[in-house]
Amino acid sequence: MHRRVALIALVVCALVAGCGSRLTDEQRAALAVPLGGGAETQQGTVPGGEYGGVAGTDGTAGQPGANNPQQPNKQPNPPGSIAGGCQGTGGATDKGVTAGEITIANISDISGPVPGLFQAAQQGTKAFVEYFNATQGAICGRKLKLVSFDSRTDSGGDQQATSQACEQAFALVGSMSGFDQGGGPAATGCGIPDLRASTVTVQRQRTPVSFGVASNVVNLVSSAYPDLVKSSFPNAASAASFLYLNVDASSQNARSMQKAAEQRGLKFVYTQAIDIADVNYAPYVAKLKETGAKIVYWMGSAQYAVRLQQAMRQQGYTPEAFITDPSAYDAQYVRQGGAAVDGTVVYTNGAMFEENNAQVALYKQWLGRVAPGAAPSYFGMFAWAAARLFVQLAAKIGPQLTRKAMLEQVRGVHDFTAEGMVAPQDVGGKRTSACMSLIKLKGGTWTRLAPASGYSCGPLIDTGVGG
């Protein structure tokens, strides 16, 4: 995948600068592309190989995959503890920190043209806070307190919420906003640690205090993404196609992913951008049939993926594989698309909700407590992971918790898995994860396609797109 993941993933406003208030409702909705990252160019590769199983450890600087070392001012961690124990407390060491409480803020798109667009991220953060306070005790005597803000699917809304959070909270945790470029200057100005579920715009990714736990960048694509597709569909690799929404986020990610796939031996017979306002997909399906495309890649929000597959079904065209990003790994996508979307293949860098994973089980359990009836989601999972990482780093710092110390710790995290909940993420380095898996919708149920367990990992390919 471009493990954009994914990423996510996500939502990038790139039609005009500061365009949150200038887009139509349909344009805004179309920008929910969970695999969009930033476009910051970063050189180099990471080793390939299999990251087997679902268990994992949380790495820190200089110790990829290693548990956090015990600090001199800490008592041994009790069994199952995330934060460990501290001797005493540092009192009010920074904004949002008291002797008994650490206030964190989540800023996510709740209202706007797509109501509840990233509500899952806010719910995932809340679920972790409730879980931690109820079962894990405290961080050096301090409980967690969560304040939530609505960024309104608007860059101005993100800016206003960030400014408020700067005064009320110690850190931002698990946030997701389609127009997150709005809050970047405010976050930088106040120096607030910003540990997001994912960054979705180039501007926010380049913000020095902001880090995505889904650590995606446009130009770096894991070779595992095309390699898994080739091995899963060997008879179709010579006739692939790529269709995407004609907005900058989708366009950049599609071009980058196609370049990476071509470097790994896939051949493309058809590439096509589709305008947001276009409702007639029949000509595109006709072209797919004419070119003999056997694999159809889609980059864009899930609602448009449904539209394309419905048009394919109407014309009796069924490719060997229809492949898209984790935004489709969602109960609403299955309900909306019905039989037309059966067979969808999704690339992801997170654990499957259908498999036995202890951290996912905790997330689902506590999500049910804070938001009864809510379905687990990719964004909620990464928000939970972000909150977990925050707690681990705060405990590592100890009683003298400051924003500066937190930022130093985040920059040293290069191999974070949230105890096997997600593939290894280079949070501090802001580099795309090298690992991914493929899952497939069959009979309304998601099942693993490849690899047989865990993730497949490979070198990162720098496509030069978006750099």
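At what angle do the axes of helix α12 and α13 cross? Keep that in mind as you open this predicted model and start selecting.

**Stop 1: two helices that cross**

Select α12, residues 378-397, and then α13, residues 403-411. Their axes cross at roughly 120° and come within 10 Å. Those two values are worth noting because two packed helices are described by the angle between their axes and the distance between the axes. The crossing of α12 and α13 is right-handed. To see who makes the contact, show side chains: α12 brings F390, L393, A394, K396 and I397, while α13 brings A405, M406, Q409 and V410.

**Stop 2: onward from α13**

Now follow the chain into the loop between α13 and β15 (435-442), and pick K430 there. Its phi is near 50°, a positive value in a residue other than glycine. Most residues other than glycine have a negative phi. Is K430 buried or exposed? K430 counts as buried, because its relative accessibility is 13% and the cut-off for buried is under 20%.

**Stop 3: a cis peptide bond**

Next, select A450 and P451. The peptide bond joining A450 and P451 is cis, with omega about -10°. Most peptide bonds are trans. P451 sits in the loop that runs between β16 (445-450) and β17 (455-457).

**Stop 4: strand, helix, strand**

Jump back along the chain and colour β4, residues 101-108, together with β5, which spans 143-150. The two strands pair in the parallel sense, over 8 bridges. For a landmark, find I102, which stands opposite L144 in β5. Add helix α2, residues 119-135, and you have a right-handed β-α-β unit made of β4, α2 and β5.

Just past β5, in the loop before α3 (155-168), look for R152. R152 is another residue other than glycine with a positive phi, here near 65°. R152 is partly exposed, with a relative accessible area of 35%.

**Stop 5: one side of a helix**

Finish with α8, residues 282-291, and highlight its buried residues: Y284, V285 and L288. These lie on the same side of α8, because they cover an arc of only 100° around the axis. What do the buried residues of α8 pack against? Show β10 (240-245), β11 (268-274), β12 (295-299) and α9 (302-314), since these are the elements they pack against. Before you close the viewer, click on G292, which follows α8 and has a positive phi, near 75°.

Notes:
Residues numbered from 1 in each chain as written. Predicted model: local features only at pLDDT ≥ 70, side-chain atom pairs only at ≥ 80, totals over all residues. Heavy atoms only, no water. Helix = DSSP H or I, 4+ residues; strand = E, 2+ residues; numbered from the N terminus. Buried < 20%, exposed > 50% of the residue type's maximum accessible area, 1.4 Å probe, protein only. Pairing = 2+ DSSP bridges. Right-handed = clockwise from strand over helix to strand, strands pointing away. Arc of directions from axis to C-beta. Contact = heavy atoms within 4.5 Å. Axes fitted to C-alpha atoms, helices over the stretch in contact; angles between N-to-C directions. Left-handed = near helix turned anticlockwise from the far one by under 90°.
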